[in-house]
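Me: I have a model open and would like to practise reading it feature by feature. Could you walk me through it?

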Amino acid sequence: MTCIADANVLFPLLVQGHVAHEVAQDWWGEQPDGTVGTCLLTRLAVLRLLSNRIAMNGDPVKPNEALRAWQQLADDPRSVHIDAEPAAHEPRFTSLVAGRKPTPNLWTDAWLATLALSLDYEMTTFDRGFKSFRGLRVRLLTVPDK
């Protein structure tokens, strides 16, 4: 099965010491070549987080380092970049946000959910909120309690 990987999976995959690094790495190791979808939205989110002082525990990386980290991920044979939305994307996106209450992540989460639905992919994430999108197949990763 092909999936769309949320930034909250890709970011810890790239950051040693992140609380979810091991879970993300284990998941990544199980993926066959050509099955992990990324897009501009996830790329920008990961780059933003890599250069964010708070997300990086006070040690953000420089833009060149962030770009190299992303390129390493993009060059991995498991990774597939999706550079265009299918025709069904826009009307489906509109239907996913219609009638919802405003939340900070509504727009990006709905856009990613729509991409996964339009391509008939699974959404891989740590975010339980994706389960609220009707018809979306979600692989919810979890960090074990310590």
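Me: What share of the contacts in the protein chain with a separation of 6 or more comes from residues 24 or more positions apart?

Reply: Happy to help, and do keep in mind that this is a predicted model. Residues 24 or more positions apart account for 61% of those contacts. The chain that makes them has six helices and five strands, in the order β-α-α-β-α-α-β-α-α-β-β from the N terminus on.

Me: How do I read the radius of gyration of the protein chain, and what is its value?

Reply: Set it beside the value for a compact globule with the chain's number of residues. For 146 residues that would be near 15 Å, and the protein chain has 15 Å, so the two agree. Along the principal axes, the C-alpha trace spans about 40 × 35 × 35 Å. As for cover, 42% of the 146 residues count as buried. The accessible surface comes to about 8,500 Å², with 51% of that belonging to carbon and sulfur atoms.

Me: Let me try a single helix. What should the 14 residues of α6 span?

Reply: The idea is to allow 1.5 Å a residue and then check the ends. For α6, residues 106–119, this gives 20 Å, and the end C-alpha atoms are 20 Å apart, so the span agrees.

Me: How many residues of α6 are buried, and what covers them?

Reply: Here you count residues under 20% relative accessible area. In α6, 10 of the 14 residues pass that test, so the helix is mostly covered. Among them are Leu106, Leu112, Leu115 and Leu117, along with Asp109. The cover includes β1 (3–5), α3 (40–50), α5 (89–97) and β4 (122–125).

Me: Which residue just after α6 takes a positive phi?

Reply: That is Asp120, at about 60°. When you scan phi values, look for positive ones in residues other than glycine, as Asp120 is. Asp120 sits in the loop between α6 and β4, and its relative accessible area of 53% is why Asp120 counts as exposed. Asn57 is another case, with phi near 50°. Asn57 belongs to the loop between α3 and α4 (63–75) and is exposed too, at 74% relative accessibility.

Me: And Asp76, in the loop between α4 and β3 (79–81): is Asp76 buried or exposed?

Reply: A place in a loop does not settle that, so check the area: at 16%, Asp76 is buried. You can also compare sequence with space: Asp76 and Leu136 are 60 residues apart along the chain and 26 Å apart from C-alpha to C-alpha.

Methods
Residues numbered from 1 in each chain as written. Predicted model: local features only at pLDDT ≥ 70, side-chain atom pairs only at ≥ 80, totals over all residues. Heavy atoms only, no water. Helix = DSSP H or I, 4+ residues; strand = E, 2+ residues; numbered from the N terminus. Expected span 1.5 Å × (residues − 1). Buried < 20%, exposed > 50% of the residue type's maximum accessible area, 1.4 Å probe, protein only. Contact = heavy atoms within 4.5 Å. Rg over C-alpha atoms; globule rule 2.2 N^0.38 Å. Areas by Shrake-Rupley, 256 points an atom, 1.4 Å probe, with all protein chains shown as cover.
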